[in-house]
Amino acid sequence: MTVAYLGLGANLGDARQTLKDAVVCLAQQHTIAVLAKSSLYRTAPIDAGGDDYFNCVVKVSTTLPARHLLRLCHTIEQHFGRERPFRNAPRTLDLDILLFGNSCIEEADLVVPHPRLTERAFALVPLVELDHEAIIPQRGRADAFLAGVHDQRIEKVATHQCPFVAPRDGRCGTDSDKLDT
Ligand code: ADP
Ligand code: MG
């Protein structure tokens, strides 16, 4: 079982809804458990035209090897109508592997940690939101790169927040006690 972080982005069609549906789609895979999802962010396109993007990051655990996870990401992108007419084209869904455990992979069609992770606020900010102490293998703490992307426009989108129920041994909060009774 490997813990991985996936970056989701969309700026074509009903992008917000697509991101929600894509997270559900990931959760429905028997090879994947979605452990946590970041807030939804609205971000400026980088090196590209088109509408603003919506982005989020999910933390998953998976039984899949990284290569199979990439194939699954591509299958889900296709399901949501992804086309690649040119580099950095607007997209209905982009699903990238940001981190895969502490693996470092350098293959022609799979590079992990994602090569642009440290340069992109839309990936870095939600990653650090999910895990303040996230470590990027061979690069160090993810939050150390935030200063370098501070000029990229990114804003948190207000969404309905579900109540968070801490695990029993988490000992953090009266809300969970109330819900328990
Ligand atoms: P973008 O780089 O904007 O995400 P694409 O989604 O079209 O563009 O991806 C281009 C290629 O990047 C894919 O065909 C895939 O093989 C490759 N790639 C390499 N490393 C990764 C990774 N960590 N996650 C997702 N795709 C990756
Ligand atoms: Mg991609």
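Start by selecting Asp47, which is exposed, with 7 other C-beta atoms within 10 Å. The cut-off for exposed is 12 or fewer. Asp47 belongs to the loop between E3 and E4. Show its backbone as well: phi is near 55°, a positive value in a residue other than glycine. Keep in mind throughout that this is a predicted model.

Next, select Asn88, in the loop between H2 and E5. Asn88 also has a positive phi, here about 60°, although it is not a glycine. How exposed is Asn88, going by its C-beta neighbours inside 10 Å? There are 13 of them, so Asn88 counts as partly exposed.

Asn88 leads on to ligand 1, since it is one of the residues that surround the ligand. Select the rest of the shell: Leu70, Arg84, Asp94, Asp96, Ile97, Asp109, Leu110, Val111, Val112 and His114. Which elements give two or more residues to this shell? They are strand E5 (94-100) and strand E7 (110-112). Coloured by residue type, the shell shows 5 nonpolar, 2 polar and 4 charged residues.

From Val112 in that shell, step on to Pro113. The peptide bond between Val112 and Pro113 is cis, with omega near -5°. Pro113 sits in the loop between E7 and helix H3 (121-130).

Now move to helix H1, residues 15-27. Its 13 residues should span 18 Å at 1.5 Å a residue, and the end C-alpha atoms are 18 Å apart, which agrees. Select Ala15, Thr18, Leu19, Ala22 and Leu26, which are the buried residues of H1. Turn the view to look down the helix axis: these buried residues fall within an arc of 100°, so they line one face of the helix. An α-helix has 3.6 residues a turn, so residues three or four places apart point the same way. On the other side of H1 are Gln17 and Val24, both exposed.

What do the buried residues of H1 pack against? Display strand E1 (2-10), strand E2 (32-37), strand E3 (40-43), strand E4 (53-62), helix H2 (66-79) and E5. E5 is thus a partner of the buried residues of H1 and also a contributor to the shell around ligand 1.

Within H1, centre on Ala22. Is Ala22 buried or exposed? With 24 other C-beta atoms within 10 Å, Ala22 is buried; the cut-off for buried is 20 or more. Leaving aside residues up to four places away in sequence, Ala22 touches Leu8, Ile76, Phe80, Leu93 and Leu95. For a distance across the model, pick the C-alpha atoms of Ala22 and Pro115: the two residues are 93 apart along the chain, and the atoms are separated by 23 Å.

Finally, zoom out to the whole chain. A cartoon view has 4 helices and 10 strands. Along the sequence they follow the pattern β-α-β-β-β-α-β-β-β-α-β-β-β-α. The radius of gyration is 17 Å, close to the 16 Å that the globule rule gives for 181 residues, so the chain is as compact as a globular protein of that length. Along its principal axes, the C-alpha trace spans about 55 × 35 × 35 Å. Colour by burial, and buried residues make up 30% of the 181. Of the contacts between residues at least 6 apart in sequence, 66% join residues at least 24 apart.

Conventions
Residues are numbered from 1 along each chain as its sequence is written. Chains are lettered from A and ligands numbered from 1 in the order in which they are written. This is a predicted model: local features need pLDDT of at least 70, side-chain atom pairs count only at pLDDT 80 or more; totals for chains, interfaces and linings use all residues. A residue is near a molecule or strand if its C-beta atom, placed from the backbone, lies within 6 Å of it. Ala, Val, Leu, Ile, Met, Phe, Trp, Tyr, Cys and Pro count as nonpolar, Asp, Glu, Lys and Arg as charged, and the others, Gly among them, as polar. The expected span of a helix is 1.5 Å times one less than its number of residues. The arc is that of the directions from the helix axis to the C-beta atoms. Two residues are in contact if their C-beta atoms, placed from the backbone, lie within 7 Å. The radius of gyration is taken over C-alpha atoms; the globule rule is 2.2 Å times the number of residues to the power 0.38.
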